[in-house]
Amino acid sequence: MTARIAIAGIGAVASMHAESVADIDGAELVAGSCRTEERGREFAAEYDCTWYADTEAMLDAERVDVLSVCTPSGAHLEPALAAADRGVDVLCEKPLEITTDRIDEMVAAADAAEIRLGGIFNQRYNPVVRQLRTAAAEGRFGGLSVANAYVPWWRDDDYYDGAWQGTRDLDGGGALMNQSIHGVDAVQWIASAAGAGGDADGNPVEEVFAYTDRRAHGDDIVEVEDSAVAVLRYRDGTLGQILGATSMYPGSLKRIQVAGRDGTAEVVEDELVTWQFREERDDDPEVRERFGETESGGGAADPMSIDYANHRRNIEDFLDARRTGDPYMLDASEARKAVEIIEAVYDSAERGEPVRIDS
């Protein structure tokens, strides 16, 4: 049975959702909502759907199975609540919301309405990231020593001009909450597979200490940080570093690094630059060859240079889960973890002391 999908918020990421839906068998984009008529009509014409100026009116007028929430980050709660009120499943762009309190409100509404609430973290569907997680789950690193993520990006002032990005109310933070949250989620997901969360079912990160600052953009351009560094301690003692920046001209490729007594793996964008283990396996040379280069700019300076293939895999997985009734990898409890880590980073930077994550 075809899943009828509507999109709330017709910005840049909505096009990735629309392109993805077009590629997925058993999925149909029926409508999209945004307040700007010109943009809405252009989107509707391009993707053969109906534009609405209001999300609730769209949900009332159309038969919708899934609402994709692509509004600004701090405006995810309201369309999710509207969908829950109407018994419509919700797939929400990262972050689920800009605070864990608002996420918990979404979760409560979804539970009460008995709908599915899932998140988008497309790097979990990146084949090279999944390769690292498989190695971690198989214990190839031994006990992890470090698990690091670096997003050394650049954004011109024009990127923020007149936009919701970089605002406290709608972005909820800056380089970390917006651009670098994919790296935060990916590295904690990989580390948790290696047992970095200990015996806990919740967040694998136990404590953070951080600094944030605005170093390359004026106060009149960005309200929040454009540079953030954090040190993490995971529950099993693994140590980690996070760098999130939009202040590093001209921007360079993102990086994930995990290592332990028995091996090291490092990914630069989609290229596996290090894949070395104490015990070599027969398929390791093939793994190195398969992920031996990257063609993507990855959003280092241009947010629109990001390919939508991982988005398609992410959306398709959610649709498959709701069709089969199977668990979805990025349910609300999973999608919440990265926001909880970033909240602790901001809290630490403000207080100037380590902050524990108790969940």
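Two strands count as paired when DSSP finds at least two bridges between them. In this predicted model, such pairing produces an open sheet of 8 strands in the order β13-β12-β11-β7-β10-β9-β8-β14, and the pairing is mixed. At its edges stand β13 (271-277) and β14 (355-356), each of which pairs on one side only.

A convenient place to enter the sheet is strand β10, residues 239-245. In the strand order, β10 stands between β7 and β9. Strand β7 (residues 144-152) runs parallel to β10, and 5 bridges join the two. Two of the residue pairings can be located directly: alanine 149 has isoleucine 242 in β10 as its bridge partner, and tyrosine 150 is partnered by leucine 243 in β10.

On the β9 side the sense changes. Strand β9 (residues 227-234) pairs with β10 in the antiparallel sense, over 7 bridges. Arginine 233 stands opposite leucine 239 of β10. The two strands β9 and β10 form a hairpin with 4 residues between them. In that turn, glycine 237 has a positive phi of about 100°.

How much of β10 is buried? Of its 7 residues, 5 are buried, so the strand is largely enclosed by the rest of the structure. Part of the surroundings is helix α9 (residues 181-193), which lies across β7, β9, β10 and β11 and runs at about 165° to β7.

Helix α9 is itself mostly covered, with 11 of its 13 residues buried. Among the buried residues are His182, Asp185, Gln188 and Trp189, along with Ile181, Val184, Val187 and Ile190. The elements that cover the buried residues of α9 include α6, β7, β9, β10, β11 and α12. From its first C-alpha to its last, α9 reaches 19 Å, close to the 18 Å expected at 1.5 Å a residue. Glycine 195 follows the helix and has a positive phi, near 90°.

Helix α6 (residues 127-137), one of the elements covering α9, also lies across strands of the sheet. These are β11 (255-260), β12 (263-268) and β13, and α6 runs at about 15° to β13.

The next helix to look at is α11, residues 309-324. Does its length fall short of, or agree with, the span expected at 1.5 Å a residue? The 16 residues of α11 should span 22 Å at that rise, and the end C-alpha atoms are 22 Å apart, which agrees. The buried residues of α11 are Asn310, His311, Asn314, Ile315, Phe318, Leu319 and Ala321. After the helix comes glycine 325, whose phi is positive, near 85°.

Leu319 leads on to the nonpolar interior. The largest nonpolar core has 99 residues, and Leu319 is one of those with the most contacts inside it, together with Leu29, Phe43, Leu67 and Leu132. Helix α12 (residues 332-351) provides the largest share of this core, 9 residues.

Leucine 29 shows what such a position looks like in detail. Leaving aside neighbours within four places in sequence, leucine 29 is in contact with Ile5, Ala6, Ile7, Ala18, Val21, Phe43, Tyr47, Asp48 and Cys49. Phe43 is itself among the core residues with the most contacts.

Serine 68, in strand β4 (residues 66-69), also touches Ile5, Ala6 and Ile7, and its other contacts beyond four places in sequence are Ala8, His17 and Leu91. Its relative accessibility is 3%, so serine 68 counts as buried.

Threonine 55 belongs to helix α3 (residues 55-61). Is this residue buried or exposed? Its relative accessible area is 17%, and because buried means under 20%, threonine 55 is buried. The side chain of threonine 55 makes a polar contact with the side chain of serine 33, at 2.8 Å. Beyond residues up to four places away in sequence, threonine 55 touches Ala8, Ser33, Leu67 and Pro79.

The last stop is alanine 332, in helix α12. Alanine 332 has a relative accessibility of 10% and so counts as buried. Not counting residues up to four places away in sequence, alanine 332 touches Leu96, Val107 and Leu117. Alanine 61 lies 271 residues from alanine 332 along the chain, and the C-alpha atoms of the two are separated by 27 Å.

Notes. Residues are numbered from 1 along each chain as its sequence is written. This is a predicted model: local features need pLDDT of at least 70, side-chain atom pairs count only at pLDDT 80 or more; totals for chains, interfaces and linings use all residues. Side-chain values use heavy atoms; hydrogens and water are left out. Buried means under 20% relative accessible area, exposed over 50%, partly exposed in between (1.4 Å probe, protein chains only). A polar contact is a pair of N or O atoms within 3.5 Å; within protein, one must be able to donate a hydrogen and the other to accept it, and residues adjacent in sequence count only if both atoms are side-chain atoms. Contact means heavy atoms within 4.5 Å. Axes are lines fitted to C-alpha atoms, for helices over the stretch in contact, and angles run from 0 to 180 degrees between N-to-C directions. The expected span of a helix is 1.5 Å times one less than its number of residues. A nonpolar core is a set of buried Ala, Val, Leu, Ile, Met, Phe, Trp, Tyr and Cys residues joined through side-chain atoms within 4.5 Å.
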